[in-house]
Amino acid sequence: MKTIKRILLVLLVVVGAVIWYNYSKLNIISGYASKNLASSMFVAERTAQSITTHDNNVPLVKLADEHYDPNQKTAFAKVFGLMERQTICREGLGCVLINDDFDPSKSALKPRRTKLQNELPFPYGNHGMYDTVFPNVNYDQLKNAIEGAFENYDLQKTRTVLVAYKGQLIAERYGDGFSADTPILGWSMTKSILATLYGILEYQGKLSVQDFHPLKDEATKSKITLNHLLRMQSGLAWNEDYTSISDVTEMLFLDADMTVKQPQQPVIADPTEIWNYSSGTSNWLSGILKEQFKTTQDYLDFPYAALIDKTGMHSMLIETDMNGNFVGSSYGWATTRDWAKFGILHLNKGNWNGEQLFDPNWIDYITRPTAHSNGTYGAHWWLNAQGKYPDVPRDLYSANGFQGQYVFVIPSKNLVIVRTGLGEEPDFDANGFLSEVVAAIQ
């Protein structure tokens, strides 16, 4: 009996120590668990068991106790009975983590969507695939490359892979529980969508990213332009640490309005003097985007009318925060095929089946290396300019997201490659995978 009491006492001490050490994080832990469960269930239509077993089975987050209401499309999470957080889901807006001030009964505007109607195959329509065999593609080698990406799931955790050559789908594979119809959370791939919206606005003559000063009336910050924001060079402080209570975790899991945190940060350098990756900057850009429209409805419609539905990416959804702003830093969802369409649009330099959506020179802009990024970053796109992937062409550029979400565009090879999963480098060997796919194109 004494032994049992000692064991119980030790367990209580350990649990108490864990709670004490992580108490200030519990709000964020339960918030992450609740939000990820809700969106993965009610946007991606996956099972709660799969999400809990895989997606939320990571350090600290796995401590959360989760439950949900499928009728109300809500999810809840708490840790050791503390800090319960609720996420609600709304048609057209996705799911949002709410606080006590949020009124879920209040009606909210939603984007007006249109369905592209044609009989064209992928990528310009949704009616099958071209039945084309390219003589310069080694299909066996390509198959082996894709199979390699799915090996050792416990390490690589690959979920989906797609390869498009010259705009045509030549290979794809889906892991258990995923299909061509499953929306995938792109995380920071959403940043590249946001950048594209600015390319479209500039092409329409609505603004210039070089000349637009969002804080022109604030003396210490008046030099900042949209270009500086797209290149993460504002010179404003930002802490992008997901392992602690930081600017980014507070924004994503505590803030009602995610667009205001970055512009409120102190100046630590003049624009272009430093490069500092910031999800707050992307959400600030989402807020600036909103200011370009007369009404909130116009703002909500714009990404879909000008880009998403126009290119037939009908599965794509950008979730909003509590104040109705697109979370342009992190919360874009789309099927693997629709992520590939996004890449193909860029491979084609903004031309979509004969219609030019943004200036072809926009590609030169977003792929020009940003100072102080060591050649790894352009304008809300990642680059291979300095050989981050040494065995892959240097002209590769990509939309990257947390846990290894990628849309790779390789113009010199006419390739778009999509890979999604829960494992990123070094667990997933992106260089090795890409080099094998590229080698299959003779």
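Y32, W187, Y242, F253, Y331 and F402 form one aromatic cluster. The model is predicted. One member of this cluster, Y331, also carries a charge over its ring. K35 lies over the face of Y331, 3.9 Å from the ring centre. A second such contact involves F150. Here R173 sits over the ring face, at 4.4 Å from the centre.

Aromatic pairs were counted next. The total comes to 23 aromatic pairs. In the pair formed by F134 and Y165, the ring centres are 4.9 Å apart. The planes of F134 and Y165 meet at 80°, and planes over 60 degrees apart count as edge-to-face, so this pair is edge-to-face. F134 belongs to the loop between β4 (94-98) and α4 (139-150). Y165 belongs to strand β5 (residues 158-165). The pair therefore ties together parts that are 31 residues apart in sequence. Both F134 and Y165 are buried.

W275 and Y277 give another geometry. Their ring centres lie 6.4 Å apart, within the 6.5 Å limit for a pair. Their planes stand at 50°, so the pair is tilted. An angle of this kind is neither under 30 degrees, as in stacked rings, nor over 60, as in edge-to-face rings. The two residues fall into separate accessibility classes. W275 has 21% relative accessibility and counts as partly exposed. Y277 has a relative accessible area of 17% and is buried, because buried means under 20%.

Technical notes:
Residues are numbered from 1 along each chain as its sequence is written. This is a predicted model: local features need pLDDT of at least 70, side-chain atom pairs count only at pLDDT 80 or more; totals for chains, interfaces and linings use all residues. Side-chain values use heavy atoms; hydrogens and water are left out. Rings of Phe, Tyr and Trp (its six-membered ring) pair if their centres lie within 6.5 Å; planes under 30 degrees apart count as stacked, over 60 as edge-to-face and the rest as tilted. Helices (H or I, at least four residues) and strands (E, at least two) are DSSP runs, numbered from the N terminus. Buried means under 20% relative accessible area, exposed over 50%, partly exposed in between (1.4 Å probe, protein chains only). A charge sits over a ring if NZ of Lys or CZ of Arg is within 6 Å of the ring centre and within 35 degrees of the ring normal.
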